[in-house]
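The exercises below ask you to reason from coordinates to a description of helix packing and burial. Each task is followed by a solution that goes step by step.

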Amino acid sequence: CINEYVKACNADGERFDLLDEKYPFMQCGKDQWAADAKVKSSANLSSVFAAGNNHVHFDHCREKDRKLTFSEAAKAVCSVNLFCTSGVQGYPSTPSGAPPIYSIVKGNTLFETLVYGMVAVHQSRKDDVPFWRSQEYVEPKKQVAKISLLEGLTLPCRRICVLQEKGEIASALFEQGLNYVNYTAWNDPYVSYYQTKAGDRANLKPGIDKETWRNLDTLLNISDTSPEIVKQYFRNTNCQTVHVCTYSVVTNQASYLDMQKGEYTIPADIVRTPQRFEVLQEALAATEFTSRTLRNAVTTLAKELGSDGKTGAAVSECERTLQRYYASVKAEFFSWLCPVLQEVPGEELNMCRQEWNIKIRRICWDTYDSFAERLGADIHVLMKAQEVKKYILQKEGH
């Protein structure tokens, strides 16, 4: 039971107290810090808050004024090391390098979600403990080349100790933590891995303008690239659907550019049946191919009308047009393709492929026509738009 688990965890000292002097939860105790350790704003504990060189536009609280409740601080110390970036002054990133896309399988209850996310005992050593149960001193910037599973999942890339002030967390001791240097050896069960064109093993990273549903061909490929916990779900259950949640931050060196969360429910039979899953993979590949056609068309039209292709309203409208395309395709993917792909007889899968290609090309050119109308309704723009469309279609052999 939970009480027995807590008792076992606390056998060598309190482990779940956020403010414990020796073993504060997910932090380095007060005895691990030098007397002149620098105190920083609690805003550094989360990428949500404006701190350092992160954007302040959508967070109207100054870094020095940020205060966290105890519950906010508890969440922050659990997540900060999963999403930390490399930076100047030797700040290391996660064992996966730049933060990857993390996935979990969501159940109907919190208990189910926790069970689906648990890693099998045989994947861990008997003496393996997570960071919050460790009694080891965390040496700043120490290079580490070998870690166990639980060590890697909770590796303290940042040394942290939150400081209470009048019932709130306004500041924290915060500096470089352990520096894992053997990225290719680390295997995170919540992350997708694939082989690059150069033959190297890499984990799946988020993109600034790419929602994670466009990566479902990788995230759900249980015979190859999907996270271990997704494969485990299909090995151990006979559920009719799989509900995958993804979490990621898009970073550029030490800066956070975007935060992304995705929730996708897919009929499990599509994932279990290779022939059906192959159609899903091809559908996503066709979606990306057609998006390139649309990008080519809108950028060509914008340049024909005088845009330099780098700045201006037309360039921004090009990007919004691509976003509209993906939004329309996403709606069709989940409302039409997935239900049909689950039910259609095997001998009709090819017809499903063909109809999907027709749908996304129609969306492509409808979106293009709307783009042309927004650039201007005069006859010159409309004629030029048709010329560009004809040119692109001829170039593609249509």
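**Exercise 1.** Determine which residues of α8 and α11 meet, and how the two helices are oriented to each other.

*Solution.* This is a predicted model, and the work starts from the contacts. On the α8 side, Thr293, Asn296, Ala297, Thr300, Leu301 and Glu304 take part, and they meet Lys384, Ala385, Val388, Ile392, Lys395 and Glu396 in α11. The next step is geometric: the axes of α8 and α11 come within 10 Å and cross at roughly 140 degrees. Angles over 145 degrees would count as roughly antiparallel, and α8 and α11 are therefore classed as oblique to each other. The handedness completes the description, the crossing of α8 and α11 being right-handed.

**Exercise 2.** Place Thr293 in its helix, decide whether Thr293 is buried or exposed, and list what Thr293 touches.

*Solution.* Thr293 belongs to helix α8. The cut-off for buried is under 20% relative accessible area, and because Thr293 has a relative accessibility of 4%, Thr293 counts as buried. Once residues up to four places away in sequence are set aside, Thr293 touches Cys364, Trp365, Ile392 and Glu396. As a distance check elsewhere in the model, Thr293 and Leu153, which are 140 residues apart in sequence, have C-alpha atoms 41 Å apart in space.

**Exercise 3.** Test whether the end-to-end distance of α11 agrees with its number of residues, and then work out how its buried residues are arranged around the axis.

*Solution.* Helix α11 runs over residues 379–396 and has 18 residues, so at 1.5 Å a residue the expected span is 26 Å; the C-alpha atoms at its ends are 26 Å apart, which agrees. The buried residues in α11 are Val381, Lys384, Ala385, Val388, Lys389 and Ile392. They cover an arc of only 140 degrees around the axis, and therefore sit on the same side of α11. Ile379, Lys390 and Gln394, on the other side of α11, are exposed. To see what the buried side faces, turn to the neighbours: the buried residues of α11 pack against α8 (274–304) and α10 (349–375).

**Exercise 4.** Describe two further helix pairs, α10 with α11 and α8 with α9, by angle, axis distance and handedness.

*Solution.* Two packed helices are described by the angle between their axes and the distance between the axes. For α10 and α11, the angle is about 150 degrees and the axes are 9 Å apart, so α10 and α11 are roughly antiparallel to each other. α10 passes α11 in a right-handed crossing. The α10 side of this contact is made by Arg361, Trp365, Tyr368, Asp369, Ala372 and Leu375, and the residues of α11 that take part include Val381, Ala385, Gln386, Val388 and Lys389.

For α8 and helix α9 (residues 313–343), the packing angle is about 160 degrees, with the axes 10 Å apart, and α8 and α9 are therefore also roughly antiparallel to each other. Here too the crossing is right-handed, as α8 passes α9.

**Exercise 5.** Locate Thr321, assess its burial, and name its contacts.

*Solution.* Thr321 is found in helix α9. Because its relative accessibility is 0%, Thr321 counts as buried. Apart from residues up to four places away in sequence, Thr321 touches Leu294, Val298, Thr367, Phe371 and Arg374.

**Exercise 6.** Which face of α2 is buried, what covers the buried residues, and how does Leu173 in β5 sit?

*Solution.* Within helix α2 (residues 70–79), Ala73, Ala76 and Val77 are buried. Seen down the axis of α2, its buried residues fall within an arc of 95 degrees, so they line one face of the helix. What covers these buried residues includes β4 (158–165) and β5 (168–176). Leu173 lies in strand β5 and is buried, with a relative accessible area of 9%. Leaving aside neighbours within four places in sequence, Leu173 is in contact with Trp33, Ala37, Lys38, Val39, Arg159, Ile160, Cys161 and Leu163.

**Exercise 7.** Summarise the whole protein in terms of its elements, extent, burial and contacts.

*Solution.* The protein has eleven helices and ten strands. Along the principal axes, its C-alpha atoms fill a box of roughly 75 × 50 × 40 Å. Of its 398 residues, 46% count as buried. Finally, among contacts between residues at least 6 apart in sequence, 67% join residues at least 24 apart.

Technical notes:
Residues numbered from 1 in each chain as written. Predicted model: local features only at pLDDT ≥ 70, side-chain atom pairs only at ≥ 80, totals over all residues. Heavy atoms only, no water. Helix = DSSP H or I, 4+ residues; strand = E, 2+ residues; numbered from the N terminus. Expected span 1.5 Å × (residues − 1). Buried < 20%, exposed > 50% of the residue type's maximum accessible area, 1.4 Å probe, protein only. Arc of directions from axis to C-beta. Contact = heavy atoms within 4.5 Å. Axes fitted to C-alpha atoms, helices over the stretch in contact; angles between N-to-C directions. Parallel < 35°, antiparallel > 145°, perpendicular 65-115°, else oblique. Left-handed = near helix turned anticlockwise from the far one by under 90°.
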